[in-house]
Amino acid sequence: MEINKEIDESQQGSATVVKSDKPLNGKKLYLESYGCAMNFADSEVIASIMNSEGYATTSDVHEADIVLINTCSIRENAEDRIRKRLSDFKNRKKRQPGLIVGVLGCMAERLKQNLLEEEKLVDIVAGPDSYRDLPNLVNEVGGGQKAVNVLLSRDETYADISPVRLDKNGISGFVSITRGCDNMCSFCVVPFTRGRERSRSPETIVRECHELFNAGYREVTLLGQNVDSYRWNMTSKGEVKDETQSTTNFAQLMELVAAVSPDLRVRFSTSHPKDMTDEVIEVMAKHDNICPYIHLPVQSGNTEMLQRMNRGYSREWYLNRIEAIRRIMPDCAISTDIITGFCNETDEEHQDTLSLMREVQFDFAYMYKYSERPKTLAERRFEDNVPEEVKGDRLTEVIDLQLSHALAANQRQIGKTHTVLVEGPSKRSEDFFSGRNEYNTKTVFPKGEAKKGDYVKVKINECTSATLMGEIVEILPPAKK
Ligand code: SAH
Ligand code: SF4
Ligand code: F3S
């Protein structure tokens with residue numbers, strides 16, 4: 001899920017500024033986001049809703065009249081970080097008693113009303129499906145009450161809301177295509193915080209991609225917890241189609257988005273191994289502007305463990321999906337997510353994860369220690385019985401192995417030429433640009449004559465396990481339609 005912009009659910013929180021061209025009410029909103037790309041995309045919807053109410057946003061918390069924190073519950077340490085942050089706001093509120101503090105997103109949904117008891121400074125608790133109600137919630141607080149809306153919806157997709165883009169580069173944007181998740185992986189809190197899965201209409205998705213392209217964006221990432229289960233089966237009147245009428249699946253949706261412009265790169269996240277079809281890979285292979293990169297979280301390399309995780313596939317099935325990717329699109333990059341120390345994990349099961357990693361040679365991976373989450377199937381059915389130290393040791397082994405694979409994969413690129421979309425100056429030096437190649441690897445090179453938003457051919461000269469370094473050999477002209 002985190003393929004874009006190096007977002008890691010538990011690692012990153014960021015503040016954002018919105019420029020408003022609507023009549024303002026003189027009040028300022030400070031918005032901070034944690035968690036996955038879906039949460040960052042939601043923050044753009046939140047900014048849009050608040051903007052329509054006249055709130056300008058600020059990246060300076062000192063000038064804020066209202067602070068909203070869009071939160072993540074995926075692991076305990078993600079929540080711990082947010083609680084620490086809330087205590088900063090508590091101190092601020094002592095100095096500025098009128099300050100309104102709202103907790104939004106997954107932690108709000110998980111803790112509901114209880115959050116108000118636990119965190120006395122909080123005024124608003126709003127779950128992921130209640131953002132249209134934010135203006136009312138803010139008014140309630142203005143009237144001296146606390147305000148809570150944690151209702152989950154079966155059909156809210158915010159499809160008609162034009163998100164206010166909060167990313168800094170103006171080149172790469174997120175577009176939500178589904179919300180919620182119906183999978184119930186036993187370790188995962190998301191079905192409880194985000195509710196039932198629902199798809200957004202293809203028309204509104206394609207329209208948003210056109211708007212992004214026209215605003216100068218050159219890359220979209222289609223977002224869903226399981227993009228492969230995208231399915232749109234409504235008529236334009238909002239009625240469910242019968243079996244004789246055609247529906248839109250994820251492969252078809254990608255074709256529609258790929259047709260927006262040959263100069264618009266298409267990425268997506270997250271694919272689910274149990275649902276990823278050959279048709280999706282074939283569509284990727286057919287379109288030059290769909291990036292040859294798939295994030296396919298495996299979680300574990302052992303079939304019994306995958307059963308305990310309720311993932312819906314076996315080791316063999318996963319390897320069969322990898323084989324299909326390699327067959328249909330031999331140069332496709334593949335990344336994954338891995339959890340170490342899930343309930344009852346034996347050393348043999350852990351060894352199976354390492355052997356699967358050796359077999360697949362992932363280009364990139366997000367790796368985590370298991371963190372038990374309240375209400376999940378695992379919390380109810382199993383004991384969180386792998387000692388912390390063992391979880392940590394296994395994680396270290398997994399990370400070390402992965403880094404060696406990533407380094408080897410990057411070293412194989414030295415001497416080759418990749419197409420990179422220029423995103424902006426590199427973090428280290430203003431003289432260098434940073435972007436990502438078609439495989440989603442960060443690539444850094446001297447600026448030369450290139451501009452942000454250009455596609456450039458970069459010859460790779462050096463690398464680390466995370467970054468490729470090279471030089472521009474050609475600036476590509478815009479594609480002819
Ligand atoms: N929908 C995506 C994943 C969303 S959460 C999918 O199905 O693959 C992102 C990642 O966080 C998961 O892939 C998993 O590796 C990790 N994760 C989720 N719950 C976790 C938990 N309780 N403890 C540790 N890692 C967890
Ligand atoms: Fe969580 Fe599984 Fe849904 Fe991913 S597919 S969000 S891991 S329940
Ligand atoms: Fe976190 Fe919610 Fe995303 S729990 S990972 S912000 S869906």
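Around ligand 3 there are eleven residues, and the closest are Cys36, Cys72, Ser73, Cys106 and Gln225. A residue counts as near a molecule or strand here if one of its heavy atoms lies within 4 Å of it. By class, this shell splits into five nonpolar, four polar and two charged residues. In that scheme Ala, Val, Leu, Ile, Met, Phe, Trp, Tyr, Cys and Pro are nonpolar, Asp, Glu, Lys and Arg are charged, and the others, Gly among them, are polar. Ligand 3 takes up the space of the largest cavity. A cavity is a set of points, on a 1 Å grid over the protein atoms alone, where a 1.4 Å probe fits but cannot get out; a pocket is an open set with protein on both sides within 12 Å along at least five of seven lines, and lining residues have an atom within 4 Å of a point. A molecule sits in one of these if more than half of its atoms lie within 2 Å of its grid points.

All of this is a predicted model, with local features needing pLDDT of at least 70, side-chain atom pairs counted only at pLDDT 80 or more, and totals for chains, interfaces and linings using all residues. As for bookkeeping, residues are numbered from 1 along each chain as its sequence is written, chains are lettered from A and ligands numbered from 1 in the order in which they are written, and side-chain values use heavy atoms, leaving out hydrogens and water.

**Domains and the second ligand**

The protein chain breaks up into domain 1 (11–149), domain 2 (172–411) and domain 3 (417–475), with bounds that come from an automatic or database domain assignment. Ligand 3 has a foot in two of them: its shell draws at least three residues from each of domain 1 and domain 2. Taken over C-alpha atoms, the centres of domain 1 and domain 3 are 36 Å apart.

Now for ligand 2. Its surroundings are Cys181, Asn183, Met184, Cys185, Phe187, Cys188, Val190, Pro191, Gln225, His272 and Arg311. That shell has seven nonpolar, three polar and one charged residues. The space that ligand 2 takes is also described as the largest cavity.

**Strands under cover**

Strand β4 (residues 66–71) is mostly covered, with six of its six residues buried. Buried means under 20% relative accessible area, exposed means over 50%, and partly exposed is in between, using a 1.4 Å probe and protein chains only. Strands (E, at least two residues) and helices (H or I, at least four) are DSSP runs, numbered from the N terminus. From β4, Ile66, Leu68 and Asn70 point one way, Val67, Ile69 and Thr71 point the other way, and all are buried.

β4 has parallel partners in β2 and β5, where pairing calls for at least two DSSP bridges between strands. Five bridges tie it to strand β2 (residues 28–34), with Tyr30 standing opposite Val67. On β5 (residues 100–105) there are six bridges, and there Leu104 stands opposite Asn70.

Strand β8 (residues 172–176) has five of its five residues buried, so the rest of the structure largely encloses it. Ser172, Phe174 and Ser176 face one way from β8, Gly173 and Val175 face the other, and all are buried. Five bridges link β8 in parallel to strand β11 (residues 219–223), where Thr221 is the bridge partner of Phe174.

**Single residues worth a look**

Most residues other than glycine have a negative phi, and most peptide bonds are trans. Here are two residues with positive phi:

| Residue | Phi | Loop | Relative accessible area |
|---|---|---|---|
| Gln299 | near 75 degrees | between β15 (293–295) and α10 (303–308) | 7%, buried |
| Asn344 | about 65 degrees | between β16 (333–340) and α12 (347–360) | 34%, partly exposed |

There is a cis peptide bond too, joining Ser269 and Thr270 with omega at about 10 degrees. Thr270 is in the loop between β14 (265–269) and α9 (278–286).

Thr204 belongs to helix α7 (residues 202–214) and is buried at 12% relative accessible area. Its C-alpha atom is 9.9 Å from that of Tyr158, 46 residues away along the chain. Val148, in strand β7 (residues 147–149), counts as partly exposed at 28% relative accessibility. Between the C-alpha atoms of Val148 and Glu109, 39 residues apart along the chain, the separation is 9.9 Å.
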